[in-house]
Amino acid sequence: MKFLKKSILFLVALLGLTVFFAPKQQLYYQAEELLQTKNIVLSEEIANDKGFVFSIEGGSLYYDDLEVARLSEITFWPFLVFNRVTAAPFTFSDEMQSFVPGMITQLYIQYSILNPLKVTFYAEGNFGTLSGNAALIERKITLDLTASNELIKSAPFWLRKLKKLEGGVYRYESTY
């Protein structure tokens, strides 16, 4: 029993040290280069490796030379068995305000080895709340939007493309 406790403690310490000393900043720059091949650019950001947590502060997100959003902070929690990305708060650019009004106050994307076949996400802002998941094996994404009155009044064209469910929830399903 003593050997089992020591083995588990050693394994936890090894995983903790692996996360703490992982080259998170270099991995971020590699990911940034990969995104640039898809015309997605994050500029003017400051990357900080804080040991167990990696954060990106400030910056603007561009897609095909079109500014999409201005970011405050993105935080990565790479715990190997449980990974989470949070972004709070960020505002859409003036060009994107016609698609999504206002700002996003909370956004997170989460992956866990307890449910390794799904990635879940949640967002909240002036548009209402958005929750959903991506099934990795089926390659299917499902989004449920509870629209705010502000979003319904602005009547964006894409809202009509979503399937309306009971309780004012709009659903989007797609395969990728």
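The residues lining the largest pocket split into 40 nonpolar, one polar and three charged. In that count, Ala, Val, Leu, Ile, Met, Phe, Trp, Tyr, Cys and Pro are nonpolar, Asp, Glu, Lys and Arg are charged, and the others, Gly among them, are polar. The model is predicted, with pLDDT of at least 70 needed for local features and 80 or more for side-chain atom pairs, while totals for chains, interfaces and linings use all residues. Residues are numbered from 1 along each chain as its sequence is written, and side-chain values use heavy atoms, without hydrogens and water.

**Exercise 1. Describe the two pockets.**

Solution.

Step 1: begin with the idea. Rolling a probe the size of a water molecule over the atoms shows where empty space is left. Here a pocket is an open set of points on a 1 Å grid over the protein atoms alone, where a 1.4 Å probe fits, with protein on both sides within 12 Å along at least five of seven lines; lining residues have an atom within 4 Å of a point.

Step 2: take the largest pocket. It holds about 1,600 Å³ of space, a volume being the space filled by probe spheres set on the points, which are joined across faces, edges and corners. Its lining has 44 residues, and Leu61, Val85, Phe90, Leu107 and Ile109 lie nearest its centre.

Step 3: turn to the second largest pocket, with about 210 Å³ of space. Its lining consists of Phe76, Trp77, Pro78, Asn83, Arg84, Val85, Ile109, Gln110, Tyr111 and Val119. Two or more of these residues come from each of β5 (66–78), β6 (82–92) and β7 (103–112). By type, the lining of the second largest pocket has seven nonpolar residues, two polar and one charged.

**Exercise 2. Summarise the whole chain.**

Solution.

Step 1: list the elements. The protein chain has three helices and twelve strands; these are DSSP runs numbered from the N terminus, helices being H or I of at least four residues and strands E of at least two.

Step 2: note the extent. The C-alpha trace spans about 65 × 40 × 25 Å along its principal axes.

Step 3: look at the surface. The accessible surface comes to about 11,600 Å², with 64% belonging to carbon and sulfur atoms; the areas come from the Shrake-Rupley method with a 1.4 Å probe, and for residues only the protein chains shown count as cover. Of the 176 residues, 30% are buried. Buried means under 20% relative accessible area, exposed over 50%, and partly exposed in between, with a 1.4 Å probe and protein chains only.

**Exercise 3. Compare the settings of Ser55 and Ser60.**

Solution.

Step 1: place them. Ser55 sits in strand β3 (residues 54–57), and Ser60 in strand β4 (residues 60–63).

Step 2: check burial. Ser55 is counted as buried because its relative accessibility is 1%; Ser60 is also buried, because its relative accessible area is 8%.

Step 3: find the side-chain partners. Ser55 makes a polar contact with the side chain of Lys50 (3.4 Å) through its own side chain. The side chain of Ser60 makes a polar contact with that of Glu67 (3.3 Å). A polar contact is a pair of N or O atoms within 3.5 Å; within protein, one must be able to donate a hydrogen and the other to accept it, and residues adjacent in sequence count only if both atoms are side-chain atoms.

Step 4: widen the view to contacts, meaning heavy atoms within 4.5 Å. Leaving aside neighbours within four places in sequence, Ser55 is in contact with residues including Ile46, Glu73 and Ile74. With residues up to four places away not counted, Ser60 touches Val41, Leu42 and Ala69, among others.

**Exercise 4. Is Tyr108 buried or partly exposed, and which residues surround it?**

Solution.

Step 1: Tyr108 belongs to strand β7.

Step 2: Tyr108 counts as partly exposed because its relative accessibility is 22%.

Step 3: Beyond neighbours within four places in sequence, Tyr108 is in contact with Arg84, Val85, Thr86, Thr120, Phe121 and Tyr122. The C-alpha atoms of Tyr108 and Thr86 are 4.3 Å apart, although 22 residues separate them along the chain.

**Exercise 5. Locate two residues with positive phi.**

Solution.

Step 1: recall the background. Most residues other than glycine have a negative phi.

Step 2: Asp64, in the loop between β4 and β5, has a positive phi near 50 degrees.

Step 3: Ala155, in the loop between α3 (149–154) and β11 (163–164), has a positive phi of about 45 degrees.
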